[in-house]
Amino acid sequence: MRVHTFILLCCFGVCRSVAQSPVGKLPMDSCLRVGKLENGLTYYIRHNEKPKGQADFLIVQKVGSMQEEETQQGLAHFLEHMCFQGTRHYPGRSMTSYLEGLGVKLGINLNAYTSFDETVFNISNVPVRRKSVVDSCLLILHDWACDLSLSTKAIDDERKVIHEEWRTRQNVTMRMLQEVMPVVFPDSKYAQRLPIGLMEVVDNFPYKLLYDYYRKWYRPDLQGIIVVGDVEVDMVEKEITRLFGDIPLIPDAAPRLFEQIADNEQPIVATVSDREQPITVIQLIQKYHPLSTEQKATTEYYRDTYCKTLITNMFNMRMSEMIQKSDAPFLQASISNGDFLIAKSIKALTAVVVCREDKEIVGFEALAQEMERVRRFGFTEAEFQHAAVSYRTMIENAYKERHNTRNSTFSSEYVRCFLDGEPSPGISYEYPLMCRLTKEVSLDDVNRIASTLFGKQNRVVIANYPSKENRSYPDSTALAEYLHKVEAESLMPYGEVKDVRPLIARKLSGGKVVKSEEGVYGSTLYTLSNGAKVVIKHTDLKDNEILFAAFSPGGKSLLPADEPENTVMLDEVATIGGYGDFDRLALTKKLSGQKAVCGFFVGDYWETGGGSCSKADFKTMLRLLYLSFTSPRRDDGAFLAFKERTRETLTATASQSTAIYADSIGRALYTGTPPLRRARPEHLAQMDYGRILQLRRERVADASDFTFLFVGNVRTEDIPLIEKYIGSLPSLHRKEKCGVLWHPLRKGNYCTDFGLQMETPKSTVSLFLHGRTKDNFRNRLILQMLVQSLNTLYQQTLREKEGGTYDVKVNGSFRDMFHDEVLVSINFDTSNDRRHQLRDKALELLRRFAVDGPTEENLAQIRQFMLKSHNDATSSNAYWLNLLLKCYQYDTDTHRNYEKLVNDISPKEIATFARRILKQDNLVEVTMHGL
């Protein structure tokens, strides 16, 4: 299981101290209640009403796979699974059943993850209007902390599930990681403690071994409780004290130690090859020592953070510039800052380069040269100003939206506060501090740090190569030699000139509003003099956000069907050169410090537009709207570079099992030629750049056929800007309708089962059912309920009871706007010897479901989840923009009577829907098994 986290102000990292202003102790956020019980348990409680009436509950453990003994490898992760298989107060699956009855869905709102040094459980988006719900969630956290059932039957059942999880995750990335770990972490426990563990341990460990790990490491002095949401802080604190205060400390508890990583004078180089690795990827890692926990609690940490953020941003801008050149030395390259791979005791700058075929050394050397150039000469004043302005804009926007911060953002911040000692003074303190630091820190300060970070010590190189016959790659000695060679080369400083050109050089004539009328859901519909329709809906959901969308009928359905080479990647190619007078990189730099994005695209049936901006940058977004509509820029060099990058990537990935499987599904599912969803190398050779730009101009050419929508902090006083920029767009006054792009699905029953060489054999099974049924909003809701019901059913049977797979994914959709046809897919991985058994079981359960439908309990849980999710979504501008799009684009209202429709749909109606599809007897099966 995994939990996805979002870190507030993602710029926070570590580097060395720079400027000379005084170092101050950081306060704790006054809105956060932090405490520690006598037994050592720490808690964090914050009242927050985004979303209203909901809260997040987390328990964080400062333990992971690094605390396992040799005979316990995999038990930290196994124990995480057992937390969902019965506790003292919630036996069996009653915990999951109770929470799903509240609309808290397993895998979405109820989840966990285990890493090397931490284990985190979360129950999120819980409706907490009743105090009993808060009490119950805290009781669940309590049970996870010290009262797991750990029944022998549940343990034995879960062995099979985790073995299947291992099989699913034993891909090329995992195999290569396992091979390089002993080299990168010599004489370190990190090399032998991947959280998934050893299957001989998972399959056979004695029950007492898991119990011993639980009692030894799940203890209050290593646990943190986090509660954020619409709760009474005093009440929650009192309940935490009552529930957790009696958990005893373990006498003579084992010390919790972080393994230290040794410095290295000479580069550590690890090379590994695998026949499923499609392309060469090399990491050049620069380790460095982090600030101490004590230093993190001071303003020095924020100063260091700021400098490190600028360094990574400026370096990545250089890499972006190199990639756009026709003679680019690599396909992709970037740098990031964080932990050294999986070790928390040391930090690292990690540079990654994706190399071109037969040019591995060229790519690696180019990356190393640029790092050496930074070490010697630093960055330029122009680069520094671009990065600094962008940073100031980021923190300013965060500050303006401080009252709209969601529970999940705070929860993630407090997880890192507990585990890593990250400071949490709050944005109201951080904003003025960072504004001051951005003025104090100079380019010299940043370059001084860069010269230290891009050093000659503590370097690690990891090269992941494809395994090909008659093909050799640079070994570890050669890579180390090239590093030393770069150190001796003569390099020139990087040069850049500040661009002062305006975004739009010509004067725009503008237009006028000729008609204004009341629109749906509080919106206003304006018609401009050039025929363009503009919809505006003001909301107060976010002070500093405006979202944009646009649509016009036509899209690729009106393009020539015999030019797949010019249509399959039309959007990517048409925008590769930038807009107006600016190439893509120059445009990025021009927009430094402005929060505005906008673009137009050609979909299957519609030309569409999309974008967003801060309130202050609304004019900038409108300028981008004008440029992207009227002025895609031709750049032959960028086009050649794009073709070459894409060709190499497509060629390299064509032999991957995922690509082969996707192609097999296309051939099986469709009669005749399957729809073209991705380009092929032969298309690239036939592409006509001029023709692609022409097709794009033909599709995005007529403002009178477009409807433009703006939602957020946009008001009637913004109309003059809309008149100027949208009113200046060209109009042809054509009235187009969508054409029909139709690829018939295969009728009847069809099955293909093919083998493929795999390092870790497994089977991937996909079942597709399709049939005709009316496409309306009620049926779309029924389909959504059907998919959720089947997901639950298959998780409980194929995973939990059968132990045959780690995960089953059921999806369903109506195919397009013309044919009233629905497609349902069922997908899972399993072992080769069980693929037929599980396929038959899945179909048997589906046929039985089509008779009985979901249980009343299951449907009630689905209703709760849908209603909660819908209510939560209405507090976002994105919801209202999407609603208006459906109303104006499809004449469909998905908001009115939503709750009534969801509550009206019965188990019988869902079963009838499933029978209707099954009776049409269209089943396509595609299975790929490992050899």
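Reader: How many strands does the open sheet have, and in what order do they come?

Author: Welcome! In this predicted model, the open sheet is built from 6 strands in the order 1-2-6-3-5-4, and their pairing is mixed.

Reader: Which strands stand at the edges?

Author: Look for strands that have a single partner. Here these are strand 1 (32–36) and strand 4 (110–114), so each has one side without a neighbour in the sheet. From one strand to the next, the twist averages 10°.

Reader: How do strand 2 and strand 6 run, and how many bridges join them?

Author: Strand 2 (residues 42–47) and strand 6 (residues 223–229) run parallel, joined by 6 bridges. To find your place in this pair, start at Tyr44, which has Ile226 of strand 6 opposite.

Reader: Where does helix 1 lie?

Author: Helix 1 (residues 75–82) lies across two strands, strand 4 and strand 5 (119–127), and its angle to strand 4 is about 170°.

Reader: At what angle do helix 10 and helix 15 pack?

Author: For a pair of helices, read the angle and the distance between the axes together. Helix 10 (residues 299–323) packs at about 75° to helix 15 (residues 443–453), and their axes are 10 Å apart. Angles of 65 to 115 degrees count as roughly perpendicular, so helix 10 is roughly perpendicular to helix 15.

Reader: Which residues meet there?

Author: From helix 10 come Cys307, Lys308, Leu310, Ile311 and Met314; they meet Val446, Ile449, Ala450 and Leu453 of helix 15. Sorted by type, the residues of this contact are 8 nonpolar, 1 charged and no polar.

Technical notes. Residues numbered from 1 in each chain as written. Predicted model: local features only at pLDDT ≥ 70, side-chain atom pairs only at ≥ 80, totals over all residues. Heavy atoms only, no water. Axes fitted to C-alpha atoms, helices over the stretch in contact; angles between N-to-C directions. Helix = DSSP H or I, 4+ residues; strand = E, 2+ residues; numbered from the N terminus. Parallel < 35°, antiparallel > 145°, perpendicular 65-115°, else oblique. Contact = heavy atoms within 4.5 Å. Nonpolar A, V, L, I, M, F, W, Y, C, P; charged D, E, K, R; others polar. Pairing = 2+ DSSP bridges.
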